[in-house]
Amino acid sequence: MTDARHGTLPSAFLKGHGTENDFVIVPDPDGLLDLSAEQVARLCDRRAGIGGDGLLRVVRSAAHPEAADLADRAEWFMDYRNSDGSIAEMCGNGVRVFARYLQRAGLADAGDLAIATRAGVREVHIAKDGDDGTPGAITAGMGRAVLPGGAVTVTVDGRSRPALHVSMGNPHAVVFVDDLDDAGDLFRAPAVEPAEAYPAGTNVEFVVDRGPRHVAMRVHERGSGETRSCGTGACAVMVAAARRDGLDPAKTGSPVTYTVDVPGGRLVITENVDGRIEMTGPAVIVAEGVLEPVLSAPHLAG
């Protein structure tokens with residue numbers, strides 16, 4: 001890791017996950033680190049690095065050029081990167097893990113918290129721990145879904161299926177299937193058409209029904225491959241399932257809640273009458289340590 005002003009720096013890290021969507025967490029409150037895509041990919045490498053579906057850099061909003069104008073609304077900015085080092089707008093599981101880190105570090109308490117992201121400010125609520133010490137669930141405000149419209153198809157193993165284009169601040173193509181095995185090998189991106197619908201690529205969710213207002217999904221995350229969970233994807237799936245089932249809170253005047261099972265656990269998603277979507281689920285910090293020099297060597301510098 002390099003700081004443009006101070007050279008190579010030793011860096012602490014933590015590891016956390018939300019429904020097994022896992023992240024390397026790099027505290028950098030003053031915005032001193034300049035992480036290249038290559039460095040992020042090395043840190044997220046499951047053999048040569050720490051391993052993770054992505055990286056969360058913890059920076060004060062005022063210290064980051066992309067978040068400085070949000071500093072009056074949210075003290076902390078989640079600089080999220082995919083495991084290949086590419087920049088992403090938002091990560092629903094990541095924002096819960098980010099909040100858990102702030103709580104662990106004494107930078108936030110149980111209750112309400114605002115976090116800046118590239119998709120805007122997200123409101124988070126950290127529930128109090130249980131009587132047995134179990135960490136409280138975290139609810140993240142995920143903003144409103146946008147349905148751009150237009151026909152979209154996803155092709156796997158030569159079979160094309162219609163998909164719903166949903167934006168949660170980042171792009172999603174949601175496909176309903178009979179069996180989750182129909183998703184095929186999700187480490188490679190499924191073919192999505194038309195290409196112009198997703199000029200920067202997209203996340204793709206495959207969905208089956210489990211019961212009334214209860215679905216399960218698998219996901220290919222843009223820049224990461226198949227992951228055990230995707231928070232924004234679960235929200236996109238909830239909206240797609242609700243619209244398929246004829247449920248739109250803006251029209252019915254009542255919130256609607258779906259349970260979304262992911263390979264790594266369970267998320268509960270609610271769409272409110274005003275369109276705001278809330279996601280509730282676990283967030284766990286599992287380890288912390290110090291990076292060895294091999295991971296911050298000059299040849300990896302940005």
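**Exercise 1. A charged pair in the strands**

Is D79 buried or exposed? Then place D79 among its salt-bridge partners in this predicted model.

*Solution.*
Step 1. The relative accessibility of D79 is 0%, so D79 counts as buried.
Step 2. Look for a partner. The side chains of D79 and R57 form a salt bridge, with N and O 2.8 Å apart.
Step 3. Locate both residues. D79 belongs to strand β6 (residues 76–82), and R57 to strand β5 (residues 54–60). The pair therefore ties together parts that are 22 residues apart in sequence.
Step 4. Check the burial of the pair. D79 and R57 are both buried.
Step 5. Look for another partner. R81 also forms a salt bridge with D79; their closest N and O atoms are 3.0 Å apart. R81 is buried too, at 8% relative accessibility.

**Exercise 2. A salt bridge between partly exposed residues**

Find the salt bridge of R244 and judge the accessibility of its two residues. Then widen the view to the network.

*Solution.*
Step 1. R244 pairs with D245, and the closest N and O atoms lie 3.0 Å apart.
Step 2. R244 is partly exposed at 38% relative accessibility. D245 is partly exposed at 37%.
Step 3. Now follow shared partners. Salt bridges link D28, R57, E66, D79, R81 and R118 into one network.
Step 4. Count over the structure. The total is 24 salt bridges.

**Exercise 3. Cysteines without a bond**

How many disulfides does a search of the whole structure find? Test C44 and C91 one by one.

*Solution.*
Step 1. The search returns 0 disulfides.
Step 2. Take C44. Its nearest cysteine sulfur belongs to C91 and is 11 Å away. The cut-off for a disulfide is 2.5 Å, and C44 is in none.
Step 3. Take C91. The nearest cysteine sulfur is that of C230, 6.5 Å away, and C91 is in no disulfide.
Step 4. Add accessibility. C44 is buried at 4% relative accessibility. C91 is buried, with a relative accessible area of 4%.

**Exercise 4. The surroundings of V260**

Which residues does V260 touch, not counting residues up to four places away in sequence?

*Solution.*
Step 1. Place the residue. V260 sits in strand β17 (residues 256–262).
Step 2. Check burial. V260 has 0% relative accessibility and counts as buried.
Step 3. List the contacts: V215, M217, A234, G265, R266, L267 and I269.
Step 4. Pick out V215. It is 45 residues from V260 along the chain, yet their C-alpha atoms are 5.1 Å apart.

**Exercise 5. Backbone exceptions**

Find a cis peptide bond and two positive phi values, and place each in the fold.

*Solution.*
Step 1. Recall the background. Most peptide bonds are trans, and most residues other than glycine have a negative phi.
Step 2. The bond from E193 to P194 is cis, with omega near 0 degrees. P194 lies in the loop between β13 (191–193) and β14 (203–211).
Step 3. E20 has a positive phi of about 70 degrees. E20 occupies the loop between β3 (12–18) and β4 (21–27), and is partly exposed at 36%.
Step 4. R213 has a positive phi near 50 degrees. Its loop runs between β14 and β15 (214–221). R213 is partly exposed, at 42%.

**Exercise 6. Confidence**

What is the mean pLDDT of the protein chain? Then find stretches to treat with care.

*Solution.*
Step 1. The mean is 92, and 94% of residues reach 70 or more.
Step 2. Residues 1–10 have pLDDT below 50; this stretch has 27 contacts beyond near neighbours in sequence.
Step 3. Residues 298–302 are also below 50, with 14 such contacts.
Step 4. Where pLDDT is low, predicted coordinates should not be read in detail.

Definitions and conventions
Residues are numbered from 1 along each chain as its sequence is written. This is a predicted model: local features need pLDDT of at least 70, side-chain atom pairs count only at pLDDT 80 or more; totals for chains, interfaces and linings use all residues. Side-chain values use heavy atoms; hydrogens and water are left out. Buried means under 20% relative accessible area, exposed over 50%, partly exposed in between (1.4 Å probe, protein chains only). pLDDT is the predictor's confidence in each residue, from 0 to 100. Contact means heavy atoms within 4.5 Å. A salt bridge is a side-chain nitrogen of Lys or Arg within 4 Å of a carboxyl oxygen of Asp or Glu. Helices (H or I, at least four residues) and strands (E, at least two) are DSSP runs, numbered from the N terminus.
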